[in-house]
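Got the viewer open and a selection box ready? Let's take a walk through this one, stop by stop.

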Amino acid sequence: MTAEPRVDAPIGHGRMLRKEDRRFVRGLGKFTDDLQLPGMLHLAILRSPVAHARITHLDTTAAEMHPRVKAVVTGADLEERGLAWMPTLSGDVQAVLATDKVRFQGQEVAFVVAEDRYSARDALELIEIEYDVLPPVVDVRRALDPEAPVVRDDKPASPGRHPNHCFDWETGDAAATQAVFDRAEVTLTQEMVFPRVHPAPLETCGAVAEWDRVEEKLTLWATTQAPHAHRTLYAMFAGIPEHKIRVISPDIGGGFGNKVPIYPGYVCAIVGAMVTGKPVKWVEDRTENLTAGCFARDYVMTGEIAATREGRILAIRSHVLADHGAFNGAAAPRKFPGGFFGVFTGSYDLEAAYCSMTAVHTTKAPGGVAYSCSFRIAEAVYLVERMVDILADELGVDPVELRRRNFIRPEQFPYPSKTGWVYDSGDYEAALGEALRIAGYDELRREQAERRERGASGESLMGIGVSFFTEAVGAGPRRQMDMAGLAMADGCELTVHPTGKAVVRLAVQTQGQGHETTFAQLVAEEIGIHPDDIEVVHGDTELTPYGLGTYGSRSTPVSGAAAVLVTRKVRDKARLIAAHLLEVDPEELVWTKGRFDVPGVPGAGMTIQEIATAAYAGDDLPAGMELGLSGQLVYDPESLTYPFGAYICVVDVDPGTAQVKVRRFIAVDDCGTRINEMIVEGQIHGGLTDGVGMALMEYIGFDEDGNCLGGSLMDYLIPTALEVPDWETGQTITPAPYHPIGAKGVGESATVGSPPAVVNAVIDALEPFGVRHADMPLTPSRVWAAMHGRGAPPN
Amino acid sequence: MTVNGEYVARAVEARLLLVHFLRDELGLTGTHWGCDTSNCGSCVVLMDDEPVKSCTVLAAMASGHDIRTVESLEVDGVLDPVQRGFMECHGLQCGFCTPGIMMTARALLDANPAPTDHEIREAISGQICRCTGYASIVRSVQWAGAFERGESG
């Protein structure tokens with residue numbers, strides 16, 4: 001048995017085992033909390049135990065007296081440095097440490113730096129603090145009531161609006177949509193909640209800050225999905241020159257969006273390092289992660305659908321009431337405060353569509369866009385896929401048939417949607433057909449009919465749910481979007497060394513997606529160097545070109561394209577060198593992966609390795625050519641990519657306990673060209689599990705006092721191996737027309753597409769009870785209540 | 001206690017958790033910490049060949065016992081079949097839960113060399129993986145079991 005034979009990896013695309021696994025299976029990954037620096041101190045944060053309160057008394061004397069404590073810092077201390085408030089990615093501000101009042105349970109109030117992590121926690125207990133408790137704002141529907149307590153008294157209210165108003169946003173054509181609704185034969189309305197959930201990566205957020213007093217330079221190791229963007233924001237906000245900041249994102253134990261924002265804890269670690277002159281580590285615990293870290297969803301949505309009696313969908317209208325928590329900490333492209341919710345028109349060819357959105361502040365944790373939602377597409381897909389099922393129920397049409405009647409047809413691409421999105425490509429019927437084939441859909445329906453016919457008491461209630469999604473991922477084209485004024489373009493640098501090995505430097509950062517493998521394959525495919533001979537460097541602002549990071553399924557659409565194009569650029573130079581040395585015209589040379597040959601002249605050719613050697617030898621290059629074999633570029637995408645898929649879920653609901661069991665789940669994804677089939681499938685499996693979790697158990701609820709009820713993994717339930725089935729996957733391939741290899745993003749497809757499939761299946765199972773809708777998470781108590789015609793139980 | 005076969009003696013605070021002892025005192029950072037509440041299982045190590053959650057074991061309680069962590073799986077440069085199985089079957093993505101789940105898998109295969117898929121799922125049901133959706137973990141453990149039974153490799 002050999003330890004690790006060099007696997008039969010393809011020189012390019014195809015199934016290849018992951019390079020990064022070699023360290024992870026040995027326990028040799030380097031996560032932020034694994035870092036130990038000489039003299040390193042530990043930071044712990046004092047957090048508010050209540051949702052809304054004025055701080056009336058704060059005394060840190062006793063904590064400072066603790067023998068192992070090196071510093072205690074409060075909001076007042078930060079205020080002196082101008083660091084008490086920081087900008088968010090959505091143009092709002094967020095308190096680093098509270099100076100006046102606390103606005104959500106778990107908000108940061110003070111921090112302690114001590115010699116070890118236990119002492120830091122001990123000292124938190126020694127801080128004397130008193131609160132004058134204020135009424136919380138918990139119910140998003142009441143947040144704008146005239147008598148609602150004011151959450152944000154730190155900023156001026158919009159004229160004529162309650163200070164809790166955050167923003168309004170609309171898309172589509174209100175008048176045209178109204179006209180369609182006025183004449184439609186069938187119109188239906190349904191309110192639905194996509195509840196607050198949390199990405200809860202297994203590694204919580206954390207940072208190690210080191211301040212070099214001599215060089216006046218900050219090095220920050222942090223759990224960030226976007227090291228370059230974070231560095232720029234630290235420079236803009238903290239006043240440290242950007243070239244004196246190095247942000248390193250080491251191995252990341254899952255991100256899912258949770259590690260996109262800048263958290264107060266990162267800033268506290270930086271301040272702690274500057275105050276003490278020692279490296280300072282901050283790692284949040286699970287309760288801090290769940291209560292104060294960036295949440296996701298929290299949309300109260302009203303969907304309206306207009307159709308003919310024959311099942312032709314004419315228009316969809318939606319109104320969203322969005323809970324953005326105490327501070328608008330959402331991370332979305334600047335002109336898209338509702339993210340990409342505008343794709344709520346789904347995969348269907350409509351006559352009109354319109355959405356209006358109102359976002360409000362409540363006394364809950366800030367955030368908004370996180371948890372693999374592709375910038376709110378998860379919410380949009382849920383809305384449209386539930387509305388289509390509700391229409392199918394009303395019309396008595398099979399939900400598969402109704403979708404087929406309304407799909408955008410292949411010949412309609414590029415398809416301009418009624419909300420201004422241009423879908424790049426698609427063959428929806430093919431993907432749906434494949435899913436039906438794998439599922440054995442007709443047989444499933446027969447089984448369901450037989451069971452209902454039998455009506456055996458105690459037999460489980462079988463439900464079949466279908467969803468079809470289209471995503472818009474790979475943000476994004478500069479003419480349409482930016483983050484905090486920065487283009488969402490990615491750089492990439494490739495150097496082929498004199499011996500023919502290579503290093504590629506990425507602007508994006510992996511949190512488990514397998515970039516070290518996939519990007520080596522992307523380069524290998526274009527230049528013919530074995531992936532094992534290509535080093536992938538990422539996650540360090542001093543070693544990589546600028547780019548906006550990994551989220552919104554953008555790595556392959558944006559940085560992947562950059563890697564392909566920079567490799568082609570380097571290959572073009574190699575062609576010139578080879579042509580010069582072989583004394584032929586460059587156009588005459590024929591490229592086969594890894595070498596240029598002169599056609600018809602056996603033996604007249606050069607490998608890429610030979611060309612690299614010549615490029616650095618430099619004694620015989622084309623006139624005026626620079627030595628070496630390397631290149632760099634910045635890729636600004638021409639278009640988003642539009643992956644899609646058809647999902648079918650089969651559930652069994654226990655009629656006595658209302659427990660939902662997912663029997664089967666079939667997922668057919670079309671993400672265009674697949675670089676590494678194994679990795680793509682892994683991405684889909686993970687997302688499906690997220691979707692089952694959201695549909696059935698994951699929930700960040702609050703009681704009437706604003707206490708978070710999902711503050712530990714005993715309360716915030718995540719699927720284990722026993723709650724999910726063995727996934728059945730399939731694929732179709734519709735290449736992305738604007739991407740150099742036709743690849744589309746896939747990282748979030750399954751998280752986006754699966755919740756409505758599960759919910760549609762449960763509602764289908766409850767059809768004999770006349771249930772048309774029930775809100776997630778479909779816990780036994782909620783399903784039981786729906787079965788028996790009762791409202792959902794509180795929380 | 002012995003840790004990965006080596007005798008270790010330290011004076012520690014009574015409240016020190018085994019996971020922090022392993023990570024901070026011994027530098028064995030392959031064992032991770034993820035939840036405080038014994039739910040996620042990132043911290044699973046073997047204590048006298050049984051999987052335990054080291055966030056819920058005091059270092060002092062491990063005194064006199066035999067502890068094995070992920071760092072012990074590779075012997076003389078040869079990976080354990082469980083480690084190979086996880087690589088072969090894409091049983092990991094971010095790698096954070098992986099050491100704990102591999103230790104559970106090792107204990108399972110030692111006790112039951114030919115587990116069913118359901119037995120594997122039950123064995124790891126006290127652990128959470130946020131990335132893989134578990135199916136590939138089940139395949140990884142099956143790969144390791146088949147390898148050890150001489151059925152593949």
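What follows is a tour of a predicted model, taken in short stops.

**Stop 1: where the chains meet**

Start by colouring chain A and chain B separately. The contact between them draws 43 residues from chain A and 44 residues from chain B. Now hide chain B and look at the side of chain A that touches it. Two helices there, α1 (21–24) and α16 (677–696), each supply at least two residues. Select α16(A) next, since that's the helix giving the most to this side of chain A, with six residues. Colour the chain A side by residue class and you should get 21 nonpolar, 13 polar and nine charged.

**Stop 2: a small sheet in chain A**

Stay in chain A and select β6, β2 and β8. They form an open sheet of three strands in the order β6-β2-β8, with antiparallel pairing. Which strands stand at the edges? Those are β6 (101–102) and β8 (128–133); each has a single partner strand, so one side of each is left without a neighbour in the sheet. Zoom in on β2 (residues 53–59) beside β8(A): this antiparallel pair runs over six bridges. For a landmark, pick A:Ile55, whose bridge partner in β8(A) is A:Tyr131.

**Stop 3: a β-α-β crossover**

Next, select residues 217–222 and 245–248 of chain A. These are β12 and β13, which pair in the parallel sense over four bridges. A:Leu220 is a handy marker here, standing opposite A:Val247 in β13(A). To see how the chain gets from β12(A) to β13(A), add residues 227–238: that's helix α6, and the β-α-β crossover through it is right-handed.

**Stop 4: backbone oddities**

Time for some backbone details. Most residues other than glycine have a negative phi, and most peptide bonds are trans. Three spots in chain A are worth a look with that in mind.

- Select A:Tyr371, in the loop between β18 (367–368) and α9 (377–395). Its phi is near 70°, a positive value in a residue other than glycine.
- Move to A:Pro414, in the loop between α10 (399–406) and β19 (415–416). The peptide bond leading to A:Pro414 from A:Phe413 is cis, with omega near -5°.
- Then jump to A:Gly476, in the loop between β21 (461–470) and β22 (482–483). The bond from A:Ala475 to A:Gly476 is also a cis peptide, with omega near -25°.

**Stop 5: helix packing in chain B**

Switch to chain B and select α5 (residues 135–148) together with α2 (residues 81–88). The two pack at an angle of about 130°, with their axes 7 Å apart, and are therefore oblique to each other. The crossing is right-handed. Show side chains for the contact: among them are B:Pro81, B:Val82 and B:Phe86 from α2(B), and B:Val141, B:Trp143 and B:Phe147 from α5(B). Overall, the residues of this contact divide into seven nonpolar, two polar and three charged.

Keep α5(B) and swap α2(B) for α3 (residues 98–111). Here the angle is about 40° and the axes lie 11 Å apart; α3(B) and α5(B) are therefore oblique to each other. How does α3(B) pass α5(B), in a right-handed or a left-handed crossing? Turn the pair to check: the crossing is right-handed. From α3(B), B:Ile101, B:Ala105, B:Leu108 and B:Leu109 meet B:Ile137, B:Val141, B:Ala144, B:Gly145 and B:Glu148 in α5(B). The residues of this contact split into seven nonpolar, one polar and one charged.

Note on methods
Residues numbered from 1 in each chain as written. Chains lettered and ligands numbered in written order. Predicted model: local features only at pLDDT ≥ 70, side-chain atom pairs only at ≥ 80, totals over all residues. Axes fitted to C-alpha atoms, helices over the stretch in contact; angles between N-to-C directions. Parallel < 35°, antiparallel > 145°, perpendicular 65-115°, else oblique. Left-handed = near helix turned anticlockwise from the far one by under 90°. Contact = placed C-beta atoms within 7 Å. Nonpolar A, V, L, I, M, F, W, Y, C, P; charged D, E, K, R; others polar. Pairing = 2+ DSSP bridges. Right-handed = clockwise from strand over helix to strand, strands pointing away.
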